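Biologist: I am new to this structure and should like to request a close look at a single part of it, the interface between chains. Please describe that part in a connected way, and then place it in its surroundings.

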Amino acid sequence: MSPDGIGTATFTAIGTTATVAVARREALPEARRLLGERLDRLDRLCSRFRDDSELSRANAQAGRERAASPALRAAVADALAAAAGSDGLVDPTVGRALRDAGYDRTFTLVRERASWTLRPGRPTGSRWSDVAIDDDRGTLTIPDGVELDLGATAKAKEADDAARELAAVLGSGVLVSLGGDVAVAGTPPRGGWCVRISDDHAAPHDVAGPLVAVAAGGLATSGTAVRRWPTADGEAHHLIDPRTGRPAATPWRTVSVAAASCLSANVAATGAIVCGEGAIEWLEARRVHARLVTRNGAVRFVGDWPQAAEAA
Amino acid sequence: MSQGSAQLRAAIAARDAAVARVRRSTAVVAAGCVALGGTFAALASASTHTHHIVKIPVRTARRAPRRIVAPAPPLVAVSQAAAAPAPQSSAPAPVAAPPAAPPVAVSGGS
């Protein structure tokens with residue numbers, strides 16, 4: 001709890017850290033409860049690491065049309081929209097490439113593994129456009145041989161939806177952060193929600209890094225510094241370039257983006273990492289505010305990102 | 001005519017007159033009973049609560065229009081045309097927070 005009326009709670013969920021902050025402190029217990037319930041549902045819906053999740057069952061039935069819940073169809077639709085809006089750079093059909101790269105179990109277990117031999121990369125070949133959703137029939141068809149991973153969109157969309165719902169239910173300004181994907185809704189505290197920018201979302205709040213204030217929309221950071229694991233060919237990370245089917249070879253260590261929603265911000269941040277050298281222009285075309293950090297620590301900016309925060 | 005037969009006729013006439021009186025009395029009593037019954041019935045009905053006859057609308061399940069099963073259209077892949085436009089920001093840019101402001105979250109890689 002902070003002394004200025006803001007209440008915060010942090011807990012582990014969906015394989016990462018979830019934080020909820022409310023402008024009205026007394027609303028915190030209910031906010032924590034509601035967010036926990038939502039994340040339980042999300043985990044059952046689209047975890048890649050649970051055999052009983054609906055996504056796992058759908059992936060296991062790739063190649064044929066199957067019934068899918070409205071929630072899964074919506075989550076897949078978001079992922080396909082992200083693929084289209086990112087020139088295919090944020091591609092939900094990289095699930096198999098992720099497993100080939102060694103990310104085939106929860107990251108805790110991946111990190112504990114001694115080493116891994118990368119399998120040859122297989123470009124996804126825009127197969128995302130072959131994924132079919134039929135809302136009239138209530139079905140989803142994943143092409144044969146394709147495995148969906150909704151990691152780039154489902155978490156950020158959940159942050160957006162949860163922040164909006166909690167703000168409406170609790171009548172309070174709300175911030176929701178899911179693994180560093182931040183969404184805000186309702187009336188923020190005076191001056192906005194203060195968020196630290198860092199390579200690692202799990203870093204302590206007083207870690208070195210710019211401090212920005214967000215009053216609306218979303219803020220997301222994607223990076224290659226945290227979810228890394230050793231392989232026989234060097235370290236791998238979890239951001240797959242669909243053009244190669246392998247972890248993206250990128251000059252960027254971290255990209256943070258502020259946009260109208262957390263989902264848009266995360267798609268832009270992830271797309272920029274995957275895009276590589278052309279990320280600055282790619283982000284400018286999307287009219288977002290962004291901060292990019294190269295592997296050697298140089299910082300670049302796009303849009304109206306507050307450069308003054310670097311000196312603070 | 002003998003005096004005996006005259007007496008007989010007088011007795012018969014007296015009997016017939018008595019029978020006629022009895023009939024009239026019976027009719028009057030019967031009419032009185034009917035009138036009293038009606039009166040009491042009216043009083044009884046007026047002394048109890050009014051009973052409203054409520055017409056309950058008969059609910060009938062709305063039948064879904066019978067679906068004419070047409071051949072299923074080919075599944076349409078969600079394509080660029082149906083997808084959302086590129087993410088664009090209409091949100092104000094973040095601003096540098098005051099140095100003393102306590103952060104509530106860290107946005108970083110996960």
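Modeller: A salt bridge is counted where a side-chain nitrogen of Lys or Arg lies within 4 Å of a carboxyl oxygen of Asp or Glu. By that rule, the count between chain B and chain A is 0 salt bridges. This and everything that follows is read from a predicted model.

The interface may be described first by its extent. On the side of chain B, 33 residues are in contact, and they meet 66 residues of chain A. Together the two chains bury about 3800 Å², and 64% of this area is on carbon and sulfur atoms. Within chain B, the residues that lose the most area to chain A are Val104(B), Val106(B) and Ser110(B), which together account for 19% of what that side buries.

Polar contacts are found here as well. Across the interface of chain B and chain A, 13 residue pairs are in polar contact, with both residues at pLDDT 80 or more. Two strands of chain B, β1 (95-96) and β2 (105-109), each supply at least two residues of the side that touches chain A. Of the elements of chain B, β2(B) gives the most to that side, with 5 residues. Sorted by character, the residues of chain B that touch chain A comprise 25 nonpolar and 8 polar residues, with no charged ones.

The strands at the interface can now be followed one by one. Four of them, 4 strands in an open sheet, stand in the order β1(B)-β9(A)-β8(A)-β2(B), with mixed pairing. The edges of this sheet are β1 and β2 of chain B, each of which pairs on one side only.

At one edge, β1(B) pairs with strand β9 of chain A, residues 211-214, in the antiparallel sense over 2 bridges. One bridge there has Val212(A) as the partner of Ala96(B).

The next step across the sheet stays within chain A. Strand β8(A), residues 193-200, is antiparallel to β9(A), and 4 bridges link them. Along this pairing, Trp193(A) stands opposite Val214(A), and Cys194(A) has Ala213(A) as its bridge partner. Strand β8(A) is mostly covered, since 6 of its 8 residues are buried.

At the other edge, β8(A) and β2(B) run parallel and are joined by 4 bridges. In this pairing, Arg196(A) has Val106(B) as its bridge partner. Val106(B) has already been named among the residues of chain B that lose the most area to chain A.

It remains to set this part against the rest of chain B. Chain B comprises 1 helix and 2 strands, which follow one another along the sequence in the pattern α-β-β. Of its 110 residues, 15% count as buried. The helix, α1(B), spans residues 3-47 and contains Ile12(B). Because its relative accessibility is 37%, Ile12(B) counts as partly exposed. The C-alpha atoms of Ile12(B) and Ala97(B) are separated by 133 Å, and the two residues are 85 residues apart along the chain.

Two further places in chain A complete the surroundings. Thr231(A) belongs to strand β11 of chain A, residues 228-231. Its relative accessibility is 9%, under the 20% limit, and Thr231(A) therefore counts as buried. Apart from neighbours within four places in sequence, Thr231(A) is in contact with Ala101(A), Ser115(A), Trp116(A), Leu118(A) and Ala236(A). Strand β11(A) pairs in the antiparallel sense with β12(A), residues 234-237, over 4 bridges, and a hairpin of 2 residues joins these strands. Across that pairing, Trp229(A) has Ala236(A) as its bridge partner.

The other place is Asp100(A), found in helix α4 of chain A, residues 95-100. Asp100(A) counts as buried because its relative accessibility is 9%. Setting aside neighbours within four places in sequence, Asp100(A) is in contact with Trp116(A), Thr117(A), Leu118(A), Arg119(A) and Arg122(A). Trp116(A) and Leu118(A) are thus among the contacts of Asp100(A), and they are also among those of Thr231(A).

Note on methods
Residues numbered from 1 in each chain as written. Chains lettered and ligands numbered in written order. Predicted model: local features only at pLDDT ≥ 70, side-chain atom pairs only at ≥ 80, totals over all residues. Heavy atoms only, no water. Contact = heavy atoms within 4.5 Å. Buried area = accessible area lost by both parts, 1.4 Å probe. Polar contact = N/O pair within 3.5 Å; in protein donor to acceptor, adjacent residues only side chain to side chain. Nonpolar A, V, L, I, M, F, W, Y, C, P; charged D, E, K, R; others polar. Pairing = 2+ DSSP bridges. Buried < 20%, exposed > 50% of the residue type's maximum accessible area, 1.4 Å probe, protein only.
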